[in-house]
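Take a look at the sequence and the model below. The report that follows begins with a single residue and then widens to the sheet, the helices and a pocket.

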Amino acid sequence: MADIDSLPEFLASAIDAAQKAGEIIRKAFYETKHVEHKGQVDLVTETDKACEELIFNHLKQIYPAHKFIGEETTAAQGSTELTDEPTWIVDPVDGTTNFVHGFPFVCVSIGLTIQKVPTVGVVYNPILNELFTAISGKGAFLNGNPIKVSSQTDLISSLLVTECGTNRDKSIVDAYTKRVKSLLLKVRSLRACGSLALNLCGVACGRLDICFQLSFGGAWDVAAGAVIVREAGGVMYDPSGAEFDLTARRVAASNPSLKDKLVEALRQVE
């Protein structure tokens, strides 16, 4: 078990790695992109690969005994098993489609799990220069200032964010649009910002009241955000109301007052 006293050091290392990767993203954001397709609409760029390599090399030099899970390398090789060992879970560029289109909701997401529990989280948007950070038990911060979830108690006054994801199977798209149609009658408005990590941070700092998504890439999208949301006073859970599972590719986040109301609203659609 990693020493609890090491957590501030782990956070500092993650911030350092995120900011270095952020420099690559910021520079490339204003240049011509070289894009590959992972699926019909799922994209990957040279920047994704370069950033993941930089982050992993940086952290492996400092913590050679730690485990690593990343979207572009580990996951591509099918190795994403989460163990009790300290494990860095990295999305080098969350919001790649935004990045390709020059839409400034792009971030580096670095989470550290210890005994499978998200314990350190860093999400950095280098285009808007916003750094979200958290350590278990120590609160959540945006650019060094404490943040907390909204105090909204009613769905009808809530701003909700959800994404369609990259799967365009008709049944998945139909289910998504059905949920959106139903929820639009129950919330103030709906957003799809294109980065799950930043959506979670939006809930953590009170810009957004509710985030949920029923299909996404993997643990690297939520590992850092989970710590940040919880430390900002929010709750992470499965959209069904069950416990949040880091590996399930299903997530919801809100303040505690809105949890049951969202779960009930989603249940009515199914």
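Leaving aside its neighbours within four places in sequence, which residues is Gln213 in contact with?

## Gln213 and its surroundings

The model is predicted. In it, Gln213 touches Thr162, Glu163, Gly165 and Leu196. Pro239, Arg249, Arg250 and Val251 complete the list of contacts beyond four places in sequence.

Gln213 belongs to strand β12, which covers residues 210–213. Is this residue buried or exposed? Gln213 has a relative accessible area of 5%. The cut-off for buried is under 20%, so Gln213 counts as buried. Its side chain also makes a polar contact: it reaches the backbone oxygen of Ser215 at 3.0 Å.

## The sheet

How many strands form the open sheet? There are seven, in the order β3-β4-β5-β6-β7-β8-β9, and the pairing is mixed. Two strands lie at the edges, β3 (67–70) and β9 (145–146). Each of them pairs on one side only.

Strands of a sheet pair through backbone hydrogen bonds, either parallel or antiparallel. Here β4 (residues 87–94) runs antiparallel to β5 (residues 107–114), with six bridges between them. Across this pair, Trp88 stands opposite Leu112 of β5.

## Two hairpins around β6

Strands β5 and β6 are antiparallel and joined by seven bridges. Thr113 has Pro118 of β6 as its bridge partner. The β5–β6 hairpin has two residues between the strands. Gln115 in this hairpin takes a positive phi near 55 degrees.

On to the next hairpin. β6 and β7 also pair in the antiparallel sense, over six bridges. Tyr124 is matched with Leu131 in β7 as its bridge partner. Four residues lie between these two strands. Among the turn residues, Asn129 has a positive phi of about 55 degrees.

How much of β6 is covered? Eight of its nine residues are buried, which leaves the strand mostly covered.

## Helices on the sheet

Helix α1 (residues 7–29) lies across four strands: β4, β5, β6 (117–125) and β7 (130–135). It runs at about 30 degrees to β6. Helix α5 (residues 196–204) packs on the sheet too, touching β4, β5, β6 and β7. The direction of α5 makes about 100 degrees with that of β6.

Why is α5 described as largely enclosed by the rest of the structure? Because nine of its nine residues are buried. They are Leu196, Ala197, Leu198, Asn199, Leu200, Cys201, Gly202, Val203 and Ala204. Leu196 in this list is also one of the residues in contact with Gln213. Just after the helix, Gly206 takes a positive phi of about 85 degrees.

## The second largest pocket

The second largest pocket holds about 160 Å³ of space. Its lining has 13 residues. Closest to the centre are Phe105, Leu198, Gly202, Arg207 and Leu208.

Which element gives the largest share of this lining? It is α5, with four residues. β7 and α5 each supply at least two of the lining residues. Leu198 and Gly202, both close to the pocket centre, are among the buried residues of α5. Helix α5 therefore combines a largely enclosed position, with nine of nine residues buried, and a place in the pocket lining.

Terms used
Residues numbered from 1 in each chain as written. Predicted model: local features only at pLDDT ≥ 70, side-chain atom pairs only at ≥ 80, totals over all residues. Heavy atoms only, no water. Pairing = 2+ DSSP bridges. Contact = heavy atoms within 4.5 Å. Axes fitted to C-alpha atoms, helices over the stretch in contact; angles between N-to-C directions. Buried < 20%, exposed > 50% of the residue type's maximum accessible area, 1.4 Å probe, protein only. Polar contact = N/O pair within 3.5 Å; in protein donor to acceptor, adjacent residues only side chain to side chain. 1 Å grid on protein atoms, 1.4 Å probe; cavity = no way out; pocket = protein on both sides within 12 Å on 5 of 7 lines; lining within 4 Å. Points joined across faces, edges and corners; volume = space filled by probe spheres on them.
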